[in-house]
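Work through the exercises below with the model open. Each task is followed by its solution.

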Amino acid sequence: MRWWTPYAFLAPYLALFTVFMIVPIGFGFWTSLHEWDINLPAKPFVGLGNYAELFDPGSVDGGRFWTAMRATGIFTVASVPILVVLPLLVALLMNGRFAGRNVYRAVYFAPYVLGVAVVGLLWRFLLDGNIGLVNHYLGLDVQWTTDLPPAWIALVGVTVWWTLGLNSVIFLAGLQDIPRELHEAAMVDGAGAWRRFLAVTLPGLRPVLVFVVNATILASANMFGQSYLITAGAPADQTKTAIYLIAETGLRQFDMGTASAMSFILAAFLMAASVLVFGAFRDRRRP
Amino acid sequence: MTHHLSRRGFLGLTGAAGLTAAVAACGGGTRIGSGAASPTAAAPTFTGGEYAGPKVTLSYWNGFTGGDGPHMRSMVDAFNKQYAGRIEVRNVTRRWEDLYPAVPTAITAGNGPDVAIIHNDWIGTFAARQVLIPLDDVVGALELTESDFIPAVWNAGVYAGKRYSVPLDVHCLADYFNGAHLEKIGLQDAPADKAGYEQALSELKKSGVAHPFWMPNKWPAHLMFMSLLWQHGGELYSEDGTRALWGSEQGVEALNWMVRQIDDGYSPAKVAIDSQYAAFKNGQVSLTWDGIWQINDLKGNAPSLKWGLAAIPNIGGTAAAWSASHNFVLTAQAGKDANKVQAAKAFVDHMSRQSTEWAKAGMIPARNSARQAPEVAGLPQVKLAADVGIFHFLPALPGVGDVQSKALELAVAKAVLKQASPADALKEGVATADKLLADNKRKYAQ
């Protein structure tokens, strides 16, 4: 085997990776160093000016950006624990043997097949504080879409309802991979249900858990459709998430330079979050 | 471990190589700091009359997604029939908020419109972005003159000394009322003055309407604010477009009046987007301000509602209402093909003569002569144009849309949601707006 044989096998994928990942990322970074307006002919080089502006809280885009990052942060912190714990519980139930199990599994997964546009429009009208059915049937007077914190409760609630099924199914697959013998052995050793969950189920789920936590953090940090459709950023842009602002800045105001710089800062935060998650789930038993 | 490292090192290296390649590739296409735009080739002069060139297909974009859409489509069909075999116009209708961001990018890609309808406040932005080509010759051939138009509409089409648009119509903010509610308090029409309006609200509330006048925090809240600002004698932006003036005393008074409707109990607090209009259709709201483009929606979708339309009341002392106009423009994409330019001009010529037909879509014809035609004069919205002096427009400053959405609309929302007092919200908004205006001056001057 020549030294380059493995790389030759890697080459087809690497070519795709370069064309569709590395080059766009490089182009994005290059864009972020310019005052890059899609169709103004002059695209002056500004170096790190776009970044400096974003880190200056007194500037227009800086203030807007950190409000949006804060919104993304709040949503992520509020939704990820629920989107991990609740699907795990649902998966444990799904994994049992009982009549109507398939119906139960389908019911939990059903909302996930809906598109975000359907989910967003549906809940925008259900949640409307003055003419919505939620307040009507619960006898409440809560402005779910224009007040804080109700807007966050609404956005997190809708997202949980919508995406719970996906994480549940992934957990379910993980649960079914845990050999029954381990449970039986633990039972013979006299372990109760809780003990078996801690000593057999959770360790067996660890790889799945890392994936679910990471994917959920990334999905939550990329939240856009729900706040775009349900709250439209209300009240006063406080639920306008980072992706929402990036899309608005780049595609509506044509300010690609600032939008790219925002994307890179957001990406840096997400990479740091992923590193922390992998660190937290590292298997400490091995040296 | 070493194996692991070397793999990572390899990936890092290839990544760096790819990045360098990408940067180098992009570098060629980007002129750093240069302002040289390729000048549009001089298009042939339009002299009116028939189109004589080979058959062309024109892409025509507009945002008539509401009750106005079917009328526009039938006008386009009529044109296609008349010009069959010579000019074919392909109608592309998408929501305005999707249309504007798409136009410049689509034109750059060659898949955009050849001719389009845009609002008056976008003309400056798109002209500065070289998305549009001038139309002075069409205006000459059509024998259109300023005296036949509402001056503000006419002048909005001029950027840097050249005309870029042919106005089609005017539309404004109006006061819709629930006839059954008003009857209960003995009124036939919405009151037109401040005292009468406030008294009516108070009586409506006593008559059992829990919240007669819902105050939105988003669309059309900023249109209400601007109308009230003008009524109080305020102005939006300085003549040269460098300063925002809407934080003035008059602006504070205007916004105070809006917030007071919540404090006085005429509006619920924190009304969600569009729900004031939905509630009006449901018969829960007595009075609501909205654009006249809703006329056809109410006719079609709220048949059991007894509603009427009036000019918005004069709250500030001088009658004024936010207005905008739809305008025909030719794009830089059409400008690349002389035949397309000629065909597009023939199309604009033809369509702008149909303003009577278009008035049936709920709009007010921009031409004074068209408004006097008997079949138009009887339409409900046309009475709003009795005094065209009340129509106030956003100035055609390049980039004004960004300033509005990032500063003015946000300030109005903050005040209506009670996150800040009107004075504080406006002060903060104006500081943002001034920075954006300075940015725009620099950006669009190049």
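Helices (H or I, at least four residues) and strands (E, at least two) are DSSP runs, numbered from the N terminus. This is a predicted model, in which local features need pLDDT of at least 70, side-chain atom pairs count only at pLDDT 80 or more, and totals for chains, interfaces and linings use all residues. Residues are numbered from 1 along each chain as its sequence is written, while chains are lettered from A and ligands numbered from 1 in the order in which they are written.

**Exercise 1.** Place B:Gln130 in chain B and state its exposure class.

Step 1. B:Gln130 sits in the loop between helix H4 (120–128) and strand E4 (132–133) of chain B.
Step 2. Its phi is near 60°, a positive value in a residue other than glycine.
Step 3. A residue is buried if 20 or more other C-beta atoms lie within 10 Å of its own, exposed if 12 or fewer, and partly exposed in between; C-beta atoms are placed from the backbone.
Step 4. B:Gln130 has 19 C-beta neighbours inside 10 Å, so it counts as partly exposed.

**Exercise 2.** Do the same for A:Phe254.

Step 1. The loop between helix H11 (242–252) and helix H12 (256–280) of chain A holds A:Phe254.
Step 2. Phi of A:Phe254 is near 60°, again positive in a residue other than glycine.
Step 3. A:Phe254 counts as buried because it has 22 C-beta neighbours inside 10 Å.

**Exercise 3.** Locate the cis peptide bond from A:Leu148 to A:Pro149.

Step 1. Omega of this bond is near 0°.
Step 2. A:Pro149 lies in the loop between helix H6 (133–138) and helix H7 (150–177) of chain A.
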